[in-house]
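Me: I'd like a close look at a single part of this protein, with enough of the surroundings to place it. Could you take one helix and walk me through what it packs against, then move outwards from there?

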Amino acid sequence: MCQLLGMNCNVPTDICFSFEGFCARGGKTDQHRDGWGIAFFEGSGCRLFLDVHPAIDSPIATLVRQYPIHSTHVIAHIRKATQGGIALENCHPFRRELWGRYWVFAHNGDLKDFALPCGEMYRPVGETDSERAFCLLLNTLRKHFPSEKPPLPELLPVLQEITATIAQFGTFNYLLADGEHFFAHCSTQLCFIVRQAPFAAAHLIDEDITVDFRELTRATDRVAVIATTPLTDNERWTAMQPGELLVFQDGVPFYPP
């Protein structure tokens, strides 16, 4: 299946270190060669890079690895196709507007026989079950809250309910963000780490690269990294539980009531 990578932090931060190891899984240390993508929130804007080439061979991925784009919300995805051909329109993350904000979504899994109607406002462009699920999520949120984003305690129960409905069709690990909140849902496999003071050095699993975050950070910095499997071998990652939906804000994970 595919691989997910996310970052949420309290100050704009680059994802170059994590993305270096993540890219290696797109054709070097793993077999996810069917395209990739990454989205960066910057204020109310959102940069989105997609490519059908394997991440390890992609000139666009090379640009992203070498260009320290600073963001508080990042979602990346490397694809191993299960539904839909190898085409740009089938590459994650997917992006849509809701309540005057960009929403970005990436999915790891396979939703068998997923035929629920998406709704009227949002429709898939490509052929994937993932994009159909994203459209259903957004249509459901818009139906319940037509005019503006509600407070989180009102939004979360609706998101949890539609997530559980979709997850009945198969594996539904996903990352979802709107530049304010970052949502991570674990169906089978997802983990995270929060880096904060006192910082230390970290070593990638997929590349022989070490970064000492003490040299790059301030005492008040806080960065949460979310991934399908741990990216480093000398840090303690927290495994999410199946069915768990976490919200991250300013690099802090919290559990919905």
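**Helix H4 and its surroundings**

Reply: Let's start with the contacts: the buried residues of helix H4 (residues 152–167) pack against strand E6 (101–108), helix H3 (129–144), strand E7 (173–177), strand E8 (182–185), strand E14 (245–249) and strand E15 (252–254). Bear in mind that this is a predicted model.

Who does the packing? The buried residues of H4 are Leu152, Leu155, Leu156, Val158, Leu159, Ile162, Thr163 and Ile166. Residues three or four places apart on an α-helix point the same way, because there are 3.6 residues a turn. As for its overall length, H4 has 16 residues and spans 21 Å from first C-alpha to last, close to the 22 Å expected at 1.5 Å a residue.

From H4, one of the packing partners to follow is E6. Two loops that border E6 each hold a non-glycine residue with positive phi. Trp99, in the loop between strand E5 (94–98) and E6, has a phi of about 60°. In the loop between E6 and H3, Asp113 has a phi of about 55°. Their surroundings are worth setting side by side: Trp99 is buried, since its relative accessible area of 13% falls under the 20% cut-off. Asp113 counts as exposed, because its 72% is over the 50% cut-off.

Back on the other side of E5, the loop between strand E4 (71–78) and E5 is where Pro93 sits. The bond joining His92 to Pro93 is a cis peptide, with omega about -5°. His92 also turns up in the lining of the largest cavity, together with Cys2, Arg79, Lys80, Ala81, Thr82, Gln83, Gly109, Thr128, Asp129 and Ser130. That cavity holds about 50 Å³ of space, and a search of the whole structure finds one cavity of 30 Å³ or more. By class, its lining has two nonpolar, six polar and three charged residues.

There's a second cis proline to look at further along the chain. The peptide bond from Ala197 to Pro198 is cis, with omega near 0°, and Pro198 is found in the loop between strand E9 and strand E10 (201–203). E9 (residues 191–196) itself is antiparallel to strand E12 (residues 222–227), over six bridges, with Ile193 bridged to Val225 in E12. E9 also pairs with strand E13 (residues 238–239), again in the antiparallel sense, over two bridges; here Phe192 stands opposite Thr238.

E12 then leads to the largest pocket, which holds about 350 Å³ of space. Of the 20 residues lining the largest pocket, Thr13, Asp14, Phe213, Leu216 and Thr217 are the closest to its centre. Strand E1 (3–13), helix H1 (16–24) and E12 are the elements that give two or more residues to this lining, and E1 has the largest share, with four residues. The lining of the largest pocket divides into 12 nonpolar, four polar and four charged residues.

How values were computed. Residues numbered from 1 in each chain as written. Predicted model: local features only at pLDDT ≥ 70, side-chain atom pairs only at ≥ 80, totals over all residues. Heavy atoms only, no water. Pairing = 2+ DSSP bridges. 1 Å grid on protein atoms, 1.4 Å probe; cavity = no way out; pocket = protein on both sides within 12 Å on 5 of 7 lines; lining within 4 Å. Points joined across faces, edges and corners; volume = space filled by probe spheres on them. Nonpolar A, V, L, I, M, F, W, Y, C, P; charged D, E, K, R; others polar. Expected span 1.5 Å × (residues − 1). Buried < 20%, exposed > 50% of the residue type's maximum accessible area, 1.4 Å probe, protein only. Contact = heavy atoms within 4.5 Å.
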